[in-house]
Amino acid sequence: GGDSETRYYPDLYDKKTLKDIYKRIAEDLNKSIEEVTEEDFCDYVGGRASNEEYTFTYDKATGKCKHTRKLILD
């Protein structure tokens with residue numbers, strides 16, 4: 001999918017990606033990760049484009065489809 005406002009919602013990122021984002025923000029602002037604010041987060045992701053990656057896995061034996069979703073910043 002293309003760019004959307006979803007990048008502003010931290011709970012939509014997986015834990016590793018979110019930790020990496022906070023680490024980059026802290027480095028850019030010369031702060032500790034604990035000092036990074038919600039405003040810092042929004043400023044950072046607002047300057048990026050985002051994409052949502054969906055992966056669909058079909059289990060032929062059960063006839064069920066499973067999907068995973070990942071939010072990626074460019």
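## Thr 17 in helix 1

Thr 17 counts as buried, because its relative accessibility is 17% and the cut-off for buried is under 20%. The residue sits in helix 1. Beyond its neighbours within four places in sequence, Thr 17 is in contact with Lys 70 and Leu 71. This is a predicted model.

## Overall build

The protein chain holds two helices and two strands. From the N terminus on, they run α-α-β-β. The chain is more spread out than a compact globule, because its radius of gyration is 15 Å, well over the 11 Å that the globule rule gives for 74 residues. Along the principal axes, the C-alpha atoms fill a box of roughly 50 × 20 × 15 Å.

Buried residues make up 23% of the 74 residues. Take the contacts between residues at least 6 apart in sequence: 43% of them join residues at least 24 apart.

## Surface and charge

About 5,500 Å² of the protein chain is exposed. Carbon and sulfur atoms supply 50% of that area. The chain carries 13 positive and 17 negative charges. The mean positions of the two sets are 9 Å apart.

## Arg 7, ahead of helix 1

Arg 7 lies in the segment before helix 1, which spans 15-29. Is this arginine buried or exposed? Arg 7 counts as buried, because its relative accessibility is 7%, and under 20% is the mark for buried.

A polar atom of the Arg 7 side chain lies 3.1 Å from the backbone oxygen of Arg 48. Arg 48 also appears among the contacts of Arg 7. Leaving aside neighbours within four places in sequence, the other partners are Tyr 13, Phe 41, Val 45, Gly 46, Ser 50, Leu 71 and Leu 73.

## Leu 73, in strand 2

Leu 73 belongs to strand 2, residues 64-73. Its relative accessible area is 18%, so Leu 73 is buried. Leu 73 and Arg 7 are 66 residues apart along the chain. Their C-alpha atoms are separated by 7.6 Å.

Which residues does Leu 73 touch, not counting those up to four places away in sequence? They are Arg 7, Tyr 13, Ile 21, Tyr 44, Val 45, Arg 48, Ala 49 and Ser 50. Several of these names recur around Arg 7, whose contacts include Tyr 13, Val 45, Arg 48 and Ser 50.

## Asp 40, in helix 2

Asp 40 is found in helix 2, residues 38-46. It counts as buried, because its relative accessibility is 15%.

Two polar links involve its side chain. The side chains of Asp 40 and Lys 31 are joined by a polar contact of 2.7 Å. A polar atom of the Asp 40 side chain also lies 2.9 Å from the backbone nitrogen of Thr 37. Not counting residues up to four places away in sequence, Asp 40 touches Ile 25, Leu 29, Lys 31 and Glu 35. Arg 24 is 16 residues from Asp 40 along the chain. The C-alpha atoms of that pair are separated by 11 Å.

Key:
Residues are numbered from 1 along each chain as its sequence is written. This is a predicted model: local features need pLDDT of at least 70, side-chain atom pairs count only at pLDDT 80 or more; totals for chains, interfaces and linings use all residues. Side-chain values use heavy atoms; hydrogens and water are left out. Helices (H or I, at least four residues) and strands (E, at least two) are DSSP runs, numbered from the N terminus. Buried means under 20% relative accessible area, exposed over 50%, partly exposed in between (1.4 Å probe, protein chains only). A polar contact is a pair of N or O atoms within 3.5 Å; within protein, one must be able to donate a hydrogen and the other to accept it, and residues adjacent in sequence count only if both atoms are side-chain atoms. Contact means heavy atoms within 4.5 Å. The radius of gyration is taken over C-alpha atoms; the globule rule is 2.2 Å times the number of residues to the power 0.38. Accessible areas come from the Shrake-Rupley method with a 1.4 Å probe; for residues, only the protein chains shown count as cover. Lys and Arg count as positive and Asp and Glu as negative; His and the chain ends are not counted. The place of a charge is taken as NZ of Lys, CZ of Arg, CG of Asp or CD of Glu.
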